[in-house]
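This report walks through one protein model, from a single loop residue out to the domains and ligands. Please keep the sequence and the structure in view while reading.

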Amino acid sequence: ASFSGDEVVLWTRSVEQARTLAETRMGMHAACPDHLLPDNVRVTADLRETLDADLVLVVVPSVAMRSVAAMLRDAGLSEKSVVLSCTKGIEKDSLLRMSEILREYLPNTVGVLSGPNHAEDICLGLPSATLVGFEEEEISAAVQRRLASPSFRIYSSSDLVGMELGGSIKNVFAIGAGICDGLGLGDNAKAAMVTRGLAEMTRIGLAYGGKAETFMGLSGMGDLIVTCYSKHSRNLQVGRLVAEGKSVEEAVASLGMVAEGVPNTLSIYQMSRKANARTPIVDVIYGILYEGKYPLCGLQELMDRALCAERIADN
Ligand SMILES: NC(=O)c1ccc[n+]([C@@H]2O[C@H](COP(=O)([O-])OP(=O)(O)OC[C@H]3O[C@@H](n4cnc5c(N)ncnc54)[C@H](O)[C@@H]3O)[C@@H](O)[C@H]2O)c1
Ligand SMILES: O=P(O)(O)OC[C@H](O)CO
């Protein structure tokens, strides 16, 4: 997105890394990320160049959110900046959402952007829809207008809990969908993973105060679908590799980018246990990633459970 011609400063720890990522991730052969970016976008490795921005999008892996929030505070981010978290994750142990971590460090207005939004498609200008959420309706509306473009349609929401939980929980089932692919279990198995995954997402999400309709929307079901089926999905890829016999560490290392489903499976499992939610798929994916359970045994366990009525939100 070019933010409609506004000046955009893209901060990254290393400009060299941004160059490599742009070349490999987007499959484009540019010598420099500037070639991929409109004239109004500038790349810098100096955080101080971002401190007076009126809108700050934070797009780092969830495990880095706390340190980046502290860096923004220590560098002196303007209190007038509106901060938008685009990160999909829940912190392990504290079980905090990304917007909650940002608020721990910054007095700023903080919101969330989440939806079925693979960067590869957005960079090509292909149509995408997403959700922006702030507690303050007028700020949602202003950010919505600011970031929308003819190829980027933005809906608004005030359910930050639902948005952040949906965007994090779907990663667990994307790994599950990848395991189905890697084991060659077929289309029916994958449809069952996605649909029963949505039921578990709804159950955990409701237990923590999210709204049911949010889990049916873009940041819930929408993101679940894209992550379970897209050729760009890193979580799907990790699941496939693990099913094919790679260790989790090897699978993640081969990506060279974050797969949020790996840390998220731990935190979502912790959330589920804390809420005493019925989440058999989350439990099995946790077993595969963290307890050495064989992928095929885990998936068979799901099939072997006692037969029951189809329940969605009911625990
Ligand atoms: N890539 C996508 O298509 C996409 C789409 C929607 C949401 N997201 C979410 O955005 C977040 C980031 O994903 P990504 O694909 O941009 O990941 P990424 O692995 O490409 O990392 C993004 C940037 O964060 C930097 N980074 C990593 N650790 C850091 C640290 N400790 N301090 C400072 N910078 C650090 C990396 O160097 C990189 O420049 C994730 O939560 C992901 O789920 C990604
Ligand atoms: O590539 P993934 O699996 O990390 O998914 C990225 C985004 O969350 C898709 O909306």
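In which loop does N40 lie? N40 is in the loop between α1 and β2 (41-44). Helices (H or I, at least four residues) and strands (E, at least two) are DSSP runs, numbered from the N terminus. This is a predicted model, in which local features need pLDDT of at least 70 and side-chain atom pairs count only at pLDDT 80 or more, while totals for chains, interfaces and linings use all residues. Residues are numbered from 1 along each chain as its sequence is written, and chains are lettered from A and ligands numbered from 1 in the order in which they are written.

N40 is partly exposed because 13 other C-beta atoms lie within 10 Å. On this scale a residue is buried if 20 or more other C-beta atoms lie within 10 Å of its own, exposed if 12 or fewer, and partly exposed in between, with C-beta atoms placed from the backbone. In sequence, N40 and D6 are 34 residues apart, but in space their C-alpha atoms are 6.5 Å apart.

**Overall form**

The protein has 14 helices and seven strands. Its C-alpha atoms fill a box of roughly 55 × 40 × 35 Å, taken along the principal axes. For 315 residues a compact globule would have a radius of gyration near 20 Å, and the protein agrees with this at 19 Å. That radius is taken over C-alpha atoms, and the globule rule is 2.2 Å times the number of residues to the power 0.38. Of the 315 residues, 42% count as buried. Among contacts with a separation of 6 or more, 72% are between residues 24 or more positions apart; two residues are in contact if their C-beta atoms, placed from the backbone, lie within 7 Å.

**Two domains**

The domain assignment gives domain 1 (3-160) and domain 2 (168-303); such bounds come from an automatic or database domain assignment. The centres of the two domains, taken over C-alpha atoms, are separated by 24 Å. Across the boundary, 20 residues of domain 1 are in contact with 23 residues of domain 2. On the side of domain 1 that touches domain 2, β6 (128-133) and β7 (152-157) each supply at least two residues. The largest share there, three residues, comes from β6. By class, that side of domain 1 has eight nonpolar, seven polar and five charged residues. Ala, Val, Leu, Ile, Met, Phe, Trp, Tyr, Cys and Pro count as nonpolar, Asp, Glu, Lys and Arg as charged, and the others, Gly among them, as polar.

**Ligand surroundings**

A residue belongs to the surroundings of a ligand if its C-beta atom, placed from the backbone, lies within 6 Å of it. The table gives the make-up of each shell by class.

| Shell | Nonpolar | Polar | Charged |
|---|---|---|---|
| Ligand 1 | ten residues | eight residues | three residues |
| Ligand 2 | four residues | six residues | four residues |

Ligand 1 is surrounded by 21 residues, of which A64, K88, A119, M257 and V258 are the closest. Both α1 (15-25) and α2 (65-75) supply at least two residues of this shell. Ligand 1 lies between domain 1 and domain 2, because both give residues to its shell.

Around ligand 2 there are 14 residues, and N117, T227, S233, R234 and N235 come nearest. The elements that give two or more residues to this shell are α9 (218-229) and α10 (234-243). The largest share, three residues, comes from α9. Ligand 2 also has residues of both domains in its shell, so it lies between them.

**Three helices**

Ten of the twelve residues of α9 are buried, so this helix is largely enclosed by the rest of the structure. Its buried residues include G220, D223 and T227.

Helix α6 (residues 160-183) has 24 residues and should span 34 Å at 1.5 Å a residue; its end C-alpha atoms are 35 Å apart, which agrees. The expected span is 1.5 Å times one less than the number of residues. Of the 24 residues of α6, 23 are buried. G184 follows α6 and has a positive phi, near 70 degrees.

V284 is found in helix α13 (residues 280-290). V284 is buried, with 20 other C-beta atoms within 10 Å. Leaving aside neighbours within four places in sequence, V284 is in contact with G298, E301 and L302. V284 and Y269 are 15 residues apart in sequence, and their C-alpha atoms are 9.7 Å apart in space.
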